[in-house]
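Hi everyone, thanks for coming. I'd like to walk you through one model today, helix by helix, so let's bring it up on the screen.

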Amino acid sequence: MHPDSEIAHEQGLQRQLTAGQMTMVAVGGSIGTGLLLGSAAAISLAGPSVILSFVIAAFLNWLVTMALGELASKHPAAGSFGVYGDIYLNEWAGFICRAGYWAAISISIGAELVASATYMQHWFPSVPAVAWVAILSVLLILINLRSVGDYGRFEFWFAMIKVLTIAAFTVIGAALLFGGKVVPQYTAQGGFFPLGVLAPLMAMSYALYTFGGVEYVAITTGEARSRKDIAKAVKLTFWTLTLIYLGAIIVLVGVMPWNRAGVTESPFVTVFRTVKIPAASGVMNFVVLTAALSGANAALYAASRMLFSLARTGWAPAKLGTLNRSGSPRLALLCSSYGILVALILEKWAPANAFVWILGAALFGLMLSWLVSLAAHVRFRQRITPSELAELPMRARLGAPGSVLGFSLVTAAILHTWWSSRVSMISGIAYLIGLTIAYYAIRTGKRSQIRSAKALPQSPDSTITT
């Protein structure tokens with residue numbers, strides 16, 4: 001497919017997002033409850049050596065981010081990696097990564113809302129969690145129905161709350177360590193590798209999932225003000241996430257014994273309580289609430305744009321590609337909120353397992369988008385001329401070899417996850433088969449429509465002039 005025709009499908013989207021807003025949409029989508037609450041799970045698998053898990057994940061994240069940034073600089077589009085798959089690979093790759101990502105990210109909206117309802121019960125224990133899911137869902141939908149400029153400003157400050165909190169945790173924790181207020185725990189409980197030298201690999205899936213959301217910055221490029229903003233946003237996103245994650249995890253395993261992290265309370269609460277911050281548990285509850293809501297808000301934005309892109313290219317009903325007066329894909333937005341309904345059902349019938357059930361569906365869709373992006377970048381580098389490459393506002397330093405390495409590492413991470421969990425393997429393979437069946441079914445329908453249209457008599461005035 002010709003690149004210009006692919007991008008033209010997205011006409012009507014408002015290009016209003018600044019580099020800072022694009023960055024915070026991606027950061028808001030990435031920093032969720034995974035770091036704030038789920039870090040204990042990764043630490044329990046690797047101990048202090050979980051730091052290496054995050055270093056490897058950061059390197060892989062850098063490879064993916066650079067590939068996405070280079071492609072987005074050339075082809076800014078809300079369909080992002082789906083568009084890159086269409087242009088440089090084939091329709092199947094473009095469809096399965098878009099449709100798979102849409103389904104997975106929509107489900108994650110429900111996961112964050114279930115978590116948000118749990119946090120609200122800290123202050124309002126008598127209000128049913130289902131009520132909070134419904135109230136917060138309406139709030140997020142209303143925010144997303146506004147112009148993308150209004151949305152970007154809201155998400156910028158919403159995501160900034162958790163960024164500043166984690167930064168404060170890192171600074172305070174470092175001060176405690178260097179000031180001798182706490183005993184460093186890096187080797188105090190069985191050494192740096194208490195569970196073996198291969199333990200960091202066991203925690204890799206958690207670390208990779210924590211970085212999940214960096215691809216949001218590519219999705220926002222369809223509504224970016226300029227290509228220079230795109231390049232700036234991509235770099236800001238990588239460095240913001242890397243500094244936050246590595247700083248937080250290094251401090252976290254330094255101040256807390258690895259075999260006690262998360263047993264009695266969140267490590268973040270422990271640090272804030274140590275320096276006598278009033279109502280530390282209440283403060284952190286507010287932060288994890290905003291983290292979950294910001295993550296859901298960013299996921300709803302990303303899912304709606306992905307479904308909009310599918311509709312505009314004929315892979316979803318055409319009505320889902322329409323925009324309201326504010327330039328928001330209203331019907332795509334409402335359909336993408338189906339994860340909220342899943343959350344409501346699971347919260348009603350299986351509240352104890354709802355968060356785990358919903359969250360487990362998101363990882364494979366995320367990895368699929370990374371794989372297609374990296375493969376598309378390799379083909380992109382084979383086709384682009386040196387002069388065209390020189391004109392791009394940003395370039396991937398390792399070029400095609402870096403993306404080949406990234407593709408190999410992501411594939412290894414998926415296979416390792418499948419080896420460790422039969423449920424993950426079965427669900428991942430079933431997910432891929434289901435997407436492939438959907439692709440061929442929709443493609444058959446599209447071709448039938450094209451044949452029917454060609455069979456109709458054409459009037460002399462029906463030709464398009466240039």
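In which helix does L371 lie? L371 lies in helix α19, and we'll come back to that helix in a moment.

First, two words on the ground rules. This is a predicted model, in which local features need pLDDT of at least 70, side-chain atom pairs count only at pLDDT 80 or more, and totals for chains, interfaces and linings use all residues. Residues are numbered from 1 along each chain as its sequence is written, and side-chain values use heavy atoms, with hydrogens and water left out.

Now the overall view. The protein chain has 22 helices and 0 strands; helices here are DSSP runs of H or I with at least four residues, strands are E runs of at least two, and both are numbered from the N terminus. Of its 466 residues, 55% count as buried, where buried means under 20% relative accessible area, exposed over 50% and partly exposed in between, with a 1.4 Å probe and protein chains only. The accessible surface comes to about 20,000 Å², and 67% of that belongs to carbon and sulfur atoms; these areas come from the Shrake-Rupley method with a 1.4 Å probe, and for residues only the protein chains shown count as cover. Take the contacts (heavy atoms within 4.5 Å) between residues at least 6 apart in sequence: 84% of them join residues at least 24 apart.

Back to α19, then. Is L371 buried or exposed? L371 is buried, with a relative accessible area of 15%. Leaving aside neighbours within four places in sequence, L371 is in contact with F407, V410, T411 and I414. Look at V410 in particular: L371 and V410 are 39 residues apart in sequence, yet their C-alpha atoms are 6.9 Å apart in space.

In the same stretch of chain we find H377, since helix α19 covers residues 362-383 and H377 lies in it. H377 is buried, with a relative accessible area of 0%. Not counting residues up to four places away in sequence, H377 touches A67, E70, L71, A396, G399, A400 and S403.

Let's move to helix α5, residues 50-74, which is the place of N61. N61 is buried too, at a relative accessible area of 0%. Outside the residues up to four places away in sequence, N61 touches F211, V214, F238 and T242.

How does α5 sit against α11? The axes of α5 and helix α11 (residues 204-211) come within 9 Å and cross at roughly 45 degrees. Axes are lines fitted to C-alpha atoms, for helices over the stretch in contact, and angles run from 0 to 180 degrees between N-to-C directions. The two helices are therefore oblique to each other; under 35 degrees counts as roughly parallel, over 145 as roughly antiparallel, 65 to 115 as roughly perpendicular and the rest as oblique. The contact is made by S53, F54, I56, A57, A58, L60 and N61 of α5 and by M204, A207, L208, T210 and F211 of α11. By class, that contact has 9 nonpolar, 3 polar and no charged residues. For the classes, Ala, Val, Leu, Ile, Met, Phe, Trp, Tyr, Cys and Pro are nonpolar, Asp, Glu, Lys and Arg are charged, and the others, Gly among them, are polar.

On to another oblique pair. Helix α9 (residues 148-178) and helix α13 (residues 227-255) pack at an angle of about 40 degrees, with their axes 9 Å apart, which makes α9 oblique to α13. On the α9 side the contact is made by V163, I166, F169, T170, G173, A174 and L177, and on the α13 side by I244, G247, A248, V251, L252, G254 and V255. Those residues divide into 10 nonpolar, 4 polar and no charged.

Last stop: helix α6 (residues 80-88) and helix α7 (residues 91-120), which pack at an angle of about 165 degrees with their axes 6 Å apart. That makes α6 roughly antiparallel to α7. Here F81, G82, V83, G85 and D86 in α6 meet E91, G94, F95, C97, R98 and Y101 in α7. This contact has 5 nonpolar, 3 polar and 3 charged residues.

How many residues of α6 are buried? The count is 9 of its 9 residues, so α6 is mostly covered. One of them deserves a second look: S80 lies in α6 and is buried, with a relative accessible area of 0%. Phi of S80 is near 35 degrees, a positive value in a residue other than glycine. For background, most residues other than glycine have a negative phi.

That's my tour; I'm happy to take questions.
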